[in-house]
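Q: I'd like to practise reading a model feature by feature. Could you walk me through this one?

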Amino acid sequence: MADTASLVSILLDRILSIFVDEMINIPLINPIVERLMEIPFVNVIVAFILWKPIFHVLILPGLLGMTLALLFIIYFERKITARVQWRVGPKEVSRRTGGVIQALADGMRYLFQEVIVHRDANAFYFLQFPLISFLPVLLPLMFIPAGGTYGIKTIYTIPAALALISLIPVFIVAMGWASNSKFAYIGSVREAFMYFAYEIPFLLAVVAMIVLYQTPDPFEIVAKQWILGAVMNPIAFLAFFITVLIATSRLPFDIPEADQEVAFGPYVEYSGIIFGLVMMLPYEKLYLLSMLSVILFFGGWNGPEIAILGDLAPVIYLYIKTILFMCVVSLARSIYARYRLDQSLRLGWGVVLSLSMIALFISAGWAAWLRL
Amino acid sequence: MDEMIEFLHDGPLSPIKKWGTKWSIWPTHLVTACCGVELAHAFASGYDGERLGVLNFGMARQTNCIVVEGAITRKMARILKMTYEQMPDPKFVIVMGVCGIKGGLFWNGYHMVKPFEVVPVKYFAPGCPPTPESLLRCFRALQDEIVTGEAKNTIAYPRVRLKSEGKKKRPKKVPPSPKYVALNPSVVVDVPRDRKWEEGMEYRQRISEILGEVAERITVTGKYRIHVRVSRDKFVDAARMLRDAGFDHVKSVNIVDVPKNKKFIVEYQVSSYLNPEFIRLILTLFTEIDREEATFPSLVDVWPSADYLERELHDLFGVWFEGNPWMGKPFLLAPDTPKNPLRKDFRLQEEVYIGGEDK
Ligand code: SF4
């Protein structure tokens, strides 16, 4: 008996030491953490939560931070559209705060609504795809670092994250296929078309920035940005911005899910909480791409040090910059009208592709000059 | 299954469910008639229904409320039912306009359906059209009902009793329904009005040259209007002659029902696009047929543009156009509409008002 007990305690100590090695250091909550660390078992849990990879993926800027950002951005989008149209927007749900919890109310409603699986649907895949489509959303979060925290530390994080993000449209097309309805079919085909139109200029724009900094390692990229990337290579930023709009189906390019034409395209048959999940997908993609663009173009987590927040300060800088970028993108929704499919294909294959080519040349020029 | 529904309704989580549903009513709008304008108004910058968390939506599958805007016809009723069945539970229906209550403007029409016979309606917004305020009040009442579970008026008017004058009371009775068969004198469609058009006589001359013996009587009935009476047997010949002379299309086909004389008057209004001589002239070719056995030779072969008009009249009057390929099938009307609704002796199911609150 005594042997087993000591074995368990040794094992726990080992695990604890792994966690403690890479624990996030926040001076603000240090007294509480130290108090908790003295209690056995609890200390393992606390250390686990504060372990950098777990903190990164689950709390900030991971799952929790993402959920909050999405709830806010949906509210912000509705509110800013209302303001542009001289309306008030969501308000009565919480009068004092101007209705910030509107998106939460919508989410609750979806959570308790009936989920209909219609007779023609391929029920197995129909219900499965919305759930597993979280994989290509959460996995990139492992790779994109946030300064103080990080999931997996390699120098190839940006290519790896991009590869995973590009998987999302596959799931959307698959959802449309599983729905087996004509609107979903049209929407899926549109999505596939758009995918080819934006993916190449998008990758070229990112490659341009990697050439500019001569490294794919985000830590080095951020360290090198004493001039913002968007200023060094504005053409690359322009191409990146337009492709982000296309990739996340924001309004001038929300062709796959154009609700007035094809009634939400691939998502048309989803209802209840499953619809809530699939509707989040473009927003989650927007969150990831915004984070990436902040790292590439806006100095990532650079900012003045705040001693009391320790490792958390860079994470918060990144988070706030990401949300600001998302706000700018969602403003596009209330300003522009929708393009036709052929127009945006022409734009993607023509203008944006040539822009990203030019950006590549500019970056090459910078790189050659800086090396001299 | 029932336990789960029970759990959702009264379980510990039900307050969250009610709160969410209350603040997130997303109506799909079923624009069937003119009330749709007022719905747009209720969600535009003046009234802004989105304040209440009410967001207009185009799709049924993702929403929880239908706003029926106005008249529901027999054809639309099917669509209303389908839309309702597509929506996930919990779902609500709000009806705008008097058309949705008893038919309103179209009361006792042969094509009207009352929405509350098709789907369970929660609230009515009366008015023709109702104001945006009253529509938004419906949403408020619905929100209150979701939380408290009881339907209440959101506004209560004080009750006023009118003092009677002491004279003899008028009986509370609605005037009787009008007689259906009009007893007016026989209808004459070609009353001559030569004075209205000076050059009319030249045109009359020209038409009579074209038609020769076939025309029974040619009359100028107004400016650029000429009526030609032809017998039923020679109608197709007359049409051919006119077409060869340059009248290349049919503008409209009419039937006038004259039950007193037991006849239908069939009119074809023809004109010309290509012949500059007749470009402004509208010539009405008409004849009378027997009301009991209403058949008529179709003019589809002469003027293809008469096709749809003949189908429509077959629907509404039951005249059989021999030679038109569509005869015997409903064209515009829903399959369950009563037959020949525009004949003057057509009778609907009698509908009665119940006047006053104490009968
Ligand atoms: S109630 Fe009046 S405004 Fe509304 S649909 Fe009927 S006729 Fe049109």
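**Reading the helices, loops and ligand shell**

A: Let's start with what covers a helix. This is a predicted model, and in chain B the cover over the buried residues of H8(B) includes helix H7 (200–211), strand S8 (225–230), strand S10 (263–271), strand S11 (282–290) and strand S12 (295–297).

Q: Which residues of helix H8 (residues 235–245) of chain B are buried?

A: A helix has a repeat to look for: with 3.6 residues a turn, residues three or four places apart point the same way. In H8 of chain B the buried set is B:Phe235, B:Val236, B:Ala238, B:Ala239, B:Leu242 and B:Ala245. Just past the end of H8(B), B:Gly246 has a positive phi of about 120°.

Q: How do I read the span of H6 of chain B?

A: Set the end-to-end distance beside the expected one. H6, residues 132–148 of chain B, has 17 residues and reaches 24 Å from first C-alpha to last, close to the 24 Å expected at 1.5 Å a residue. Right after H6(B) comes B:Gly149, with a positive phi of about 85°.

Q: What do the buried residues of H6(B) pack against?

A: The buried residues of H6(B) include B:Leu135, B:Leu136, B:Phe139, B:Leu142 and B:Ile146, and also B:Gln143 and B:Glu145. Their packing partners in chain B are helices H2 (14–22) and H3 (35–42), plus strands S1 (27–31), S2 (65–69), S4 (92–96) and S6 (123–125).

Q: Where are the cis peptide bonds at B:Pro90 and B:Pro129?

A: Check omega, then place the proline. B:Asp89 and B:Pro90 are joined by a cis bond with omega about -10°, and B:Pro90 sits in the loop between helix H4 (74–86) and S4 of chain B. The bond from B:Cys128 to B:Pro129 is also cis, with omega near -10°; B:Pro129 belongs to the loop between S6 and H6 of chain B.

Q: Which residues are around the ligand?

A: List the shell, then sort it by character. B:Cys128 and B:Pro129 turn up again here, along with B:Ala33, B:Cys34, B:Cys35, B:Gly70, B:Ala71, B:Gly97, B:Val98, B:Cys99, B:Leu105 and B:Gly127. The shell splits into nine nonpolar, three polar and no charged residues.

Q: Is B:Asp48 buried or exposed?

A: Look at backbone and accessibility together. B:Asp48 has phi near 55°, a positive value in a residue other than glycine, and lies in the loop between H3 and S2 of chain B. B:Asp48 has a relative accessible area of 2%, under the 20% cut-off, so it counts as buried. B:Tyr224 has a positive phi too, near 60°, in the loop between S7 and S8 of chain B, but at 21% relative accessibility B:Tyr224 is partly exposed.

Q: And what is B:Thr219 in contact with?

A: Skip the sequence neighbours and see what remains. B:Thr219, in strand S7 (residues 215–222) of chain B, is buried at 5% relative accessibility. Leaving aside neighbours within four places in sequence, the contacts of B:Thr219 are B:Asp190, B:Val191, B:Pro192, B:Arg225, B:Ile226 and B:His227.

Q: How many Å apart are the domains of chain B?

A: Take the bounds, then the centres. Domain 1 covers 2–148 and domain 2 covers 200–322, and their C-alpha centres lie 48 Å apart.

Q: What is the mean pLDDT of chain A?

A: Read the chain mean, then its elements. For chain A the mean is 84, with 99% of residues at 70 or more. Among the elements of chain A, helix H15 (residues 259–262) has the lowest mean, 76, and helix H5 (residues 63–84) the highest, 89.

Key
Residues are numbered from 1 along each chain as its sequence is written. Chains are lettered from A and ligands numbered from 1 in the order in which they are written. This is a predicted model: local features need pLDDT of at least 70, side-chain atom pairs count only at pLDDT 80 or more; totals for chains, interfaces and linings use all residues. Side-chain values use heavy atoms; hydrogens and water are left out. Helices (H or I, at least four residues) and strands (E, at least two) are DSSP runs, numbered from the N terminus. The expected span of a helix is 1.5 Å times one less than its number of residues. Buried means under 20% relative accessible area, exposed over 50%, partly exposed in between (1.4 Å probe, protein chains only). Contact means heavy atoms within 4.5 Å. A residue is near a molecule or strand if one of its heavy atoms lies within 4 Å of it. Ala, Val, Leu, Ile, Met, Phe, Trp, Tyr, Cys and Pro count as nonpolar, Asp, Glu, Lys and Arg as charged, and the others, Gly among them, as polar. Domain bounds come from an automatic or database domain assignment. pLDDT is the predictor's confidence in each residue, from 0 to 100.
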